[in-house]
Amino acid sequence: MNEFARPGILRYTAFSADPEGGNPAGVVLDAAGLDAAAMLAVAAELGYSESAFLTGRTEAAAPGARGYAIRYFSPKAEVPFCGHATVATALALAERDGPGDLEFTTAAGPVPVTVVRAGAELRATLTSVEPHVTEIAPDDLTEALASLDWPATDLDPALPPRIAYAGARHLVLAAATRERLAALDYDFARLEALMHRLDLTTLQLVWRASDTVFHVRDPFPVGGVVEDPATGAAAAAFGAYLRALSLVPDTAGLTLHQGEDMGRPGTLTVTLRAGDARVRVSGTGTRISG
């Protein structure tokens, strides 16, 4: 038996109820005995964009919540926060212990998650750390577009480029057409070098279908994969971006479709609340057999 098929290393997909959709993640519910090298080895062997490792129990800030310390690894490196692996881990805990409130202590800060049962499905909602949005230098934007082979005229001027953070940094670039977003074929090494220099986790490439519906794609060369199928951390950052630029109301519900162009469709729900800078990202998920 392959060591990564043994009990203790679980596989879940997040943001889809179909095992063939959404974003797969490895989940280790008891990683207290693993050091960083061992976690990285597990993540690399699994080959998913990220895997999550619970390293112990913690005191949760919210009364009644179950607290856990968590770490995230891509096949190439540790990352401070990963939304889809957080959702996957929350669903795994809910299947083991029942739905309810959780709080994960991440390198980016505390991330509360609530899991509820909706019919036959479990649904998790994470609350991001406090976000912020900054401008990107013109030379860096030029390099990003050159790496993607996107002419500047293919950008949507109504959604200007920014770097958005809600636990990890993402460069938001908006395509003017759905066709531009679909035609993703970039220079892996060149974009990876830029992303390392700017400390970016992914690029959040978006196309606005309506006031509240977006199609998104996330190149992830710094993680060792070409594209992330459904990116909760980037969804949270994008919600913060939209609010910071007054592109949506302070209270809003957004739907992000991701993974369609990869054959792994998933849906992420982003919720903004007036008076709360944090962003909520919700989705379902399911265990992957094997």
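Which residue meets Glu 78 in a salt bridge? In this predicted model, the partner is Arg 71, whose side chain pairs with that of Glu 78 at an N to O distance of 2.9 Å. Neither end of the pair falls in the buried class: Arg 71 has a relative accessibility of 27% and counts as partly exposed, and Glu 78 is likewise partly exposed, at 39%. Side chains of opposite charge can pair when their charged atoms come close. A search of the whole structure finds 14 salt bridges, and several of them are described below together with the cores, the pocket and the cavities.

A second pair joins Asp 97 to Arg 96, with the closest N and O atoms 3.0 Å apart. Asp 97 has a relative accessible area of 40%, which makes this residue partly exposed; Arg 96 is also partly exposed, at 48%. A third salt bridge is formed by the side chains of Arg 180 and Asp 154, again with an N to O distance of 3.0 Å. This pair links distant parts of the chain, as Arg 180 belongs to helix 4 (residues 178–182) while Asp 154 sits in the loop between helix 3 (138–148) and strand 10 (162–165), and the two residues are 26 places apart. The two ends fall into separate exposure classes: Arg 180 is buried because its relative accessibility of 15% is under the 20% limit, whereas Asp 154, at 24%, is partly exposed. Beyond such pairs, a network of salt bridges with shared partners connects Arg 178, Arg 217, Glu 227, Glu 260 and Asp 261.

The largest nonpolar core comprises 59 residues, and those with the most contacts inside it are Phe 104, Val 113, Val 115, Phe 238 and Leu 256. A further core of 24 residues lies apart from the largest one and includes Leu 148, Leu 184, Met 195 and Leu 203. For Val 115, the contacts beyond four places in sequence are Ala 90, Leu 91, Ala 94, Pro 99, Gly 100, Leu 102, Leu 122, Arg 123 and Ala 124.

Two of the highly connected core residues, Phe 238 and Leu 256, are also touched by Gln 204. Gln 204 lies in strand 12 (residues 202–208). With a relative accessible area of 1%, Gln 204 is buried, since this value is under 20%. Apart from residues up to four places away in sequence, Gln 204 is in contact with Leu 171, Val 172 and Leu 173, with Val 216, Arg 217 and Asp 218, with Ala 234 and Ala 235, and with Phe 238 and Leu 256. Among these contacts, Arg 217 is a member of the salt-bridge network.

Rolling a probe the size of a water molecule over the atoms shows where empty space is left. The largest pocket has a volume of about 230 Å³. Its lining consists of 16 residues, of which Val 79, Pro 80, Asp 199, Leu 200 and Thr 201 lie nearest the centre. Strand 5 (78–79) and helix 5 (188–198) are the elements that give two or more residues to this lining. By class, the lining of the largest pocket contains 8 nonpolar, 5 polar and 3 charged residues.

The structure also holds 2 cavities of 30 Å³ or more. The largest cavity encloses about 60 Å³ and is lined by 13 residues, with Glu 50, Cys 82, Asp 228, Thr 231 and Ala 233 nearest its centre. Helix 2 (83–97) and helix 6 (232–244) each contribute at least two residues to that lining. The lining of the largest cavity divides by class into 4 nonpolar, 7 polar and 2 charged residues.

The second largest cavity has a volume of about 30 Å³. Its lining is made up of Arg 178, Leu 181, His 215, Val 216, Arg 217, His 257, Gln 258, Gly 259, Glu 260 and Asp 261. Helix 4, strand 13 (213–220) and strand 15 (252–258) each supply at least two of these residues, and the largest share, 3 residues, comes from strand 13. By class, 2 residues of this lining are nonpolar, 4 are polar and 4 are charged. Arg 178, Arg 217, Glu 260 and Asp 261 in this lining also take part in the salt-bridge network, together with Glu 227.

How values were computed: Residues numbered from 1 in each chain as written. Predicted model: local features only at pLDDT ≥ 70, side-chain atom pairs only at ≥ 80, totals over all residues. Heavy atoms only, no water. Core = buried A, V, L, I, M, F, W, Y, C linked by side-chain atoms within 4.5 Å. Buried < 20%, exposed > 50% of the residue type's maximum accessible area, 1.4 Å probe, protein only. Contact = heavy atoms within 4.5 Å. Salt bridge = Lys/Arg side-chain N within 4 Å of Asp/Glu carboxyl O. Helix = DSSP H or I, 4+ residues; strand = E, 2+ residues; numbered from the N terminus. 1 Å grid on protein atoms, 1.4 Å probe; cavity = no way out; pocket = protein on both sides within 12 Å on 5 of 7 lines; lining within 4 Å. Points joined across faces, edges and corners; volume = space filled by probe spheres on them. Nonpolar A, V, L, I, M, F, W, Y, C, P; charged D, E, K, R; others polar.
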